[in-house]
Amino acid sequence: MAIIIAACTLIIILASIWIVKQRYQAARRLPLPSGPPERWLLGNAMPKSYAPFQFAKWIEQYGPVFSLKQGHRIFVVIGRHQAAVDIMEKQGANVADRPRSISVQETLSGGLRMHLEDSNERWRRMRRVLHANLQPKVAETYEPMQTRHAKNLVLDILNDPKNHQRHAMRYSASVIMSFAYGKITPTSYTDPEVVSINMFSARFGQAMKLGAYFVDAYPILRFVPGYRSQLNAWHKEKLTFYDGQLDAVRRQMREGTARPSFARFILEHQKQYQLEDKGLGYLAGVIFGAGSDTTASAITIMMMAAATHTDVQAHVQEELDNVVGRMQLLTFDDREMLLQVTVFMLESLRWRPVCIGGFAHHASKDVIWNNYLIPAGATVIGNHWAIANHPEVFPEPQTFNPQRWIDDAGRMRDDLRFFTYGFGRCQHLANWSVFVNTALILWAFCLLENPASKIDTLAFLDTANKTPTW
């Protein structure tokens with residue numbers, strides 16, 4: 001009897017192996033998604049500027065998902081809403097990693113930037129630290145700090161409206177300094193710390209452009225003397241800044257004057273989370289510094305949307321007058337009653353996405369989609385511009401229409417969403433920053449564009465996060 005059971009078990013195991021092997025071989029016979037014709041040996045020529053817009057055109061030509069090759073690398077670009085859900089969410093575990101980045105991760109960031117790391121043990125330890133500080137219930141405790149800085153932004157714009165974009169950058173940097181290091185003193189966009197954070201964000205955004213450095217496609221270039229000297233110098237400058245900020249918190253802890261902050265938390269819980277000394281200052285700063293440019297751009301886009309759509313702006317202001325009134329500022333309790341503020345914010349982030357080209361993911365396993373193969377090792381990118389302009393999901397996509405987010409019963413639609421900050425990202429801090437600034441700025445001001453100098457709503461800097469140039 002035992003022999004029969006053992007034989008049956010062996011047969012089942014062998015059959016399972018055969019089935020898995022057949023499926024693997026069948027998958028490997030599937031084609032890549034189609035794409036532009038390649039150059040012999042060199043592969044595809046990447047767009048030299050504003051790649052997301054060219055990718056969106058190729059999506060119209062080749063379909064919801066297309067592929068490119070450059071050197072040894074395969075790129076798969078996703079440009080439609082359902083395809084993004086199918087690949088980036090339903091099979092998200094297979095594309096959760098990041099591709100190797102010699103230029104940005106290994107050189108500019110010294111291998112220390114968490115959101116460009118694979119899901120290794122170090123990444124999991126840092127993720128647990130982040131979860132302890134950014135889960136929704138904890139994130140709510142930061143809202144008073146964000147609101148305080150947002151009120152200062154209103155005053156900055158009132159006193160110096162021409163520099164509204166710099167004020168938004170100051171707001172974002174100030175929130176980072178408060179959250180990361182507990183700084184509460186007022187700041188200006190000319191303060192050295194604010195200038196440094198914005199400079200680091202600008203460098204990162206420029207370096208993250210697809211194809212910005214050939215070394216990522218041709219790794220042998222990393223051995224060329226001096227090729228990465230500028231990136232190395234930038235890394236040392238940033239590391240010195242963040243280590244200096246962490247040392248200041250250490251000193252405050254010894255003196256008993258340290259305020260609650262992420263830096264203080266990781267210093268107090270370093271052993272609990274098994275965090276190494278190396279890169280601890282970088283961890284404290286760069287995780288949130290990466291969001292500085294994104295938040296500032298989102299606030300600026302919101303103001304641009306209001307100035308170019310005054311009828312929609314007036315509708316939001318009518319709601320603010322009815323709910324909040326003119327003699328007081330909004331409170332946390334007002335949020336649930338400010339539906340028009342919420343949908344205005346959502347539509348502005350869809351209409352002109354901040355992460356317009358998306359950030360690259362790495363396929364750790366083969367992904368099958370609609371009888372196409374996205375092979376393990378491919379770089380997978382969600383093109384937010386194309387997704388946001390898919391007419392089947394967002395009818396008349398170039399029309400700024402916040403009401404598309406509201407159902408016939410006058411409630412927020414639960415069947416419509418946009419991937420504002422990417423796939424699988426924590427959004428609580430960023431969403432409240434954009435919401436509270438939308439509410440306060442539209443409560444305080446009527447934003448108008450200069451009739452003699454119309455705003456070009458498609459004029460953005462060519463960086464990873466799109467910053468309007470108006």
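This short talk covers a pair of strands, a pair of packed helices and several salt bridges in one chain.

Good morning. Please keep in mind throughout that the structure shown here is a predicted model.

I shall begin with the strands. Strand 1, which spans residues 65-70, is joined to strand 2 by six bridges, and the two run antiparallel. Across this pairing, Q70 has R73 of strand 2 standing opposite. How many residues lie between the strands in this hairpin? There are two, and G71 adopts a positive phi near 60° in the hairpin.

Strand 2, residues 73-78, also pairs with a further partner, namely strand 6. Strand 6 covers residues 379-382, and its pairing with strand 2 is in the parallel sense, over four bridges. Within this pairing, V77 has I381 of strand 6 as its bridge partner. Strand 2 therefore has an antiparallel pairing with strand 1 and a parallel pairing with strand 6. Is strand 2 enclosed or open to its surroundings? Five of its six residues are buried, so strand 2 is largely enclosed by the rest of the structure.

I now turn to the helices. Two packed helices are described by the angle between their axes and by the distance between those axes. Our example is helix 8, residues 164-181, with helix 9, residues 192-207. Their axes come within 9 Å and cross at roughly 100°. Because angles of 65 to 115 degrees count as roughly perpendicular, helix 8 is roughly perpendicular to helix 9. Which residues make the contact? From helix 8 they are M169, R170, A173, I176 and M177, and from helix 9 they are E193, V194, I197 and N198. Sorted by character, the residues of this contact are six nonpolar, one polar and two charged.

Two residues of that contact, R170 and E193, lead us to the salt bridges. R170 forms a salt bridge with D156, and their closest N and O atoms are 3.0 Å apart. D156 belongs to helix 7, residues 143-159, while R170 is in helix 8; the two are 14 residues apart. Are these partners buried or exposed? D156 counts as partly exposed, at 21% relative accessibility, whereas R170 counts as buried, at 1%.

E193 has a salt bridge with K183, in which the closest N and O atoms are 2.4 Å apart. Here E193 lies in helix 9 and K183 in the loop between helix 8 and helix 9, 10 residues apart. E193 is partly exposed, with a relative accessible area of 22%, and K183 also counts as partly exposed, at 22%. Elsewhere, salt bridges that share partners join E347, R350 and R404 into one network.

My last example links distant parts of the chain. E89 and R417 meet through their side chains in a salt bridge, at 2.3 Å from N to O. Where do the partners lie? E89 is in helix 3, residues 81-89, and R417 is in the loop between helix 16 (384-388) and helix 17 (428-444), 328 residues apart. E89 is partly exposed, at 35% relative accessible area, and R417 likewise counts as partly exposed, at 39%. In total, the count for this model comes to 15 salt bridges.

That concludes the presentation. Thank you for your attention.

Technical notes:
Residues are numbered from 1 along each chain as its sequence is written. This is a predicted model: local features need pLDDT of at least 70, side-chain atom pairs count only at pLDDT 80 or more; totals for chains, interfaces and linings use all residues. Side-chain values use heavy atoms; hydrogens and water are left out. Axes are lines fitted to C-alpha atoms, for helices over the stretch in contact, and angles run from 0 to 180 degrees between N-to-C directions. Angles under 35 degrees count as roughly parallel, over 145 as roughly antiparallel, 65 to 115 as roughly perpendicular and the rest as oblique. Contact means heavy atoms within 4.5 Å. Ala, Val, Leu, Ile, Met, Phe, Trp, Tyr, Cys and Pro count as nonpolar, Asp, Glu, Lys and Arg as charged, and the others, Gly among them, as polar. A salt bridge is a side-chain nitrogen of Lys or Arg within 4 Å of a carboxyl oxygen of Asp or Glu. Buried means under 20% relative accessible area, exposed over 50%, partly exposed in between (1.4 Å probe, protein chains only). Two strands pair if DSSP finds at least two bridges between them.
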